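Take a look at the fold below before reading on. The text moves from the whole chain to single residues.

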Amino acid sequence: MIDLHCHILPGVDDGARSLEDSLAMAQKAVSEGIGHILVTPHHMNGKFLNKKEDVIKATESLQIELDNRGIDLTLYPGQEIRINGDLIQDIENHNILFVDDEERYVLIEFPTLSIPHYTEALFFQLGQKGITPIIVHPERNQEIIDNPDILLPYIERGALAQLTASSYVGVFGKEIEELSAQLIEANLVHILASDAHNINGRGFHMKEAYAKLEKNFGSEISDYFSSNTKKIFNGDFLHSNPPTEVNHKRKKSRKFSNFMNKLVKRNEIGS
Ligand SMILES: [Fe+2]
């Protein structure tokens, strides 16, 4: 299995804090059947910079540590790029790490609460350069949680999206778990990745997520996710299933449950 989103590098962001943490994560990854990891520390998220050359060096160092211990895992340098207005310039200056050697795919993170107004223009500019943005964990963005269909126009215009395995298996709660299933059903997400930060609260959950995907959507969809991941990793083009709006009946029931939760909370405060 290939994991295209992982904070396994030690001491560079809010992922692994030490070499010991990284090794524990590596062992866990191998135990889940992961053989290749794109190492993706936060880049330009307001707190962490993680320049291209630093990530390459740190990835090489960690690979040596893994090899010395006989841990059968291959690392590749990458970045989880917080969307920002300098991205095109940074790409032109060769300051950005792509997912693939062909430089066709980049991992783009939205801020937690919103989708910036310039996103559409930026994605258009990327498209003109033959670069496909992959929106990481859309299911954790508040604007998308409030209105999942806001994602649709970006996907229709060629962006891809990465669902986080732990979201789908319920680590971030029922609402994000249900939204994850809705996004899969509507073809609004294309790959699964771990976004693992450690081996406890924010672990890999890849094996579990793939098993759930196969159980709930069939092997055709789990094979589609896994083959999409390989194609992206290799810089190949992929033909994605046509996206749709999320199922409105389910959307309504979700909104209703939110409403009920608020009522319950209000009653708790009142009592
Ligand atoms: Fe991440």
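Helices and strands here are DSSP runs, with at least four residues for a helix and at least two for a strand, numbered from the N terminus. H94 can be placed on that basis: this residue sits in the loop between α3 (87–92) and β6 (105–109). The model is a predicted one.

Start with the whole chain. Its secondary structure comes to eleven helices and nine strands. The radius of gyration is 19 Å, and the globule rule gives 18 Å for 271 residues, so the chain is as compact as a globular protein of that length. The C-alpha trace spans about 55 × 40 × 40 Å along its principal axes. Contacts reach far along the sequence. Among those between residues at least 6 apart, 76% join residues at least 24 apart.

Next, inside and outside. Of the 271 residues, 49% count as buried. The exposed surface of the chain is about 13,000 Å², and carbon and sulfur atoms supply 50% of it. The chain carries 28 positive and 39 negative charges, and the mean positions of the two sets lie 7 Å apart.

Now the interior. In soluble globular proteins, nonpolar side chains tend to be buried together. The largest nonpolar core in this model has 65 residues. Which of them touch the most other members? They are I8, I37, L73, F123, F204 and F225. Helix α8 (residues 174–185) gives the most to this core, with five residues. Apart from it lies another core, of 13 residues, including L38, V99, Y105 and L160.

Take F123 as a sample of the largest core. Neighbours within four places in sequence are set aside. F123 is then in contact with I83, I108, F110, P133, I135, Y154 and A159.

L160 gives a view into the other core, where it is a member. This leucine is found in strand β8 (residues 160–164). Is L160 buried or exposed? Its relative accessible area is 5%, and buried means under 20%, so L160 is buried. Beyond four places in sequence, L160 is in contact with Y105, T132, P133, I134, I135, I155, H190, I232, L238 and S240. Among these, Y105 belongs to the 13-residue core as well. L160 and L188 are 28 residues apart in sequence, yet 7.8 Å apart in space, C-alpha to C-alpha.

Two histidines deserve a check of their backbone angles. H94 has a positive phi of about 60 degrees although it is not a glycine. Phi of H137 is also positive, near 25 degrees. H137 is found in the loop between β7 (132–136) and α5 (142–146). Their accessibilities fall on opposite sides of the cut-offs. Exposed means over 50%, so H94, at 55% relative accessibility, counts as exposed. H137, at 9%, counts as buried.

Finish with P111, in the loop between β6 and α4 (119–128). Which residues does P111 touch, not counting residues up to four places away in sequence? They are R82, I83, P116 and N141. One of them, I83, is also a contact of F123. P111 and R140 are 29 residues apart in sequence, and their C-alpha atoms are 9.6 Å apart in space.

Notes. Residues are numbered from 1 along each chain as its sequence is written. This is a predicted model: local features need pLDDT of at least 70, side-chain atom pairs count only at pLDDT 80 or more; totals for chains, interfaces and linings use all residues. Side-chain values use heavy atoms; hydrogens and water are left out. A nonpolar core is a set of buried Ala, Val, Leu, Ile, Met, Phe, Trp, Tyr and Cys residues joined through side-chain atoms within 4.5 Å. Buried means under 20% relative accessible area, exposed over 50%, partly exposed in between (1.4 Å probe, protein chains only). Contact means heavy atoms within 4.5 Å. The radius of gyration is taken over C-alpha atoms; the globule rule is 2.2 Å times the number of residues to the power 0.38. Accessible areas come from the Shrake-Rupley method with a 1.4 Å probe; for residues, only the protein chains shown count as cover. Lys and Arg count as positive and Asp and Glu as negative; His and the chain ends are not counted. The place of a charge is taken as NZ of Lys, CZ of Arg, CG of Asp or CD of Glu.
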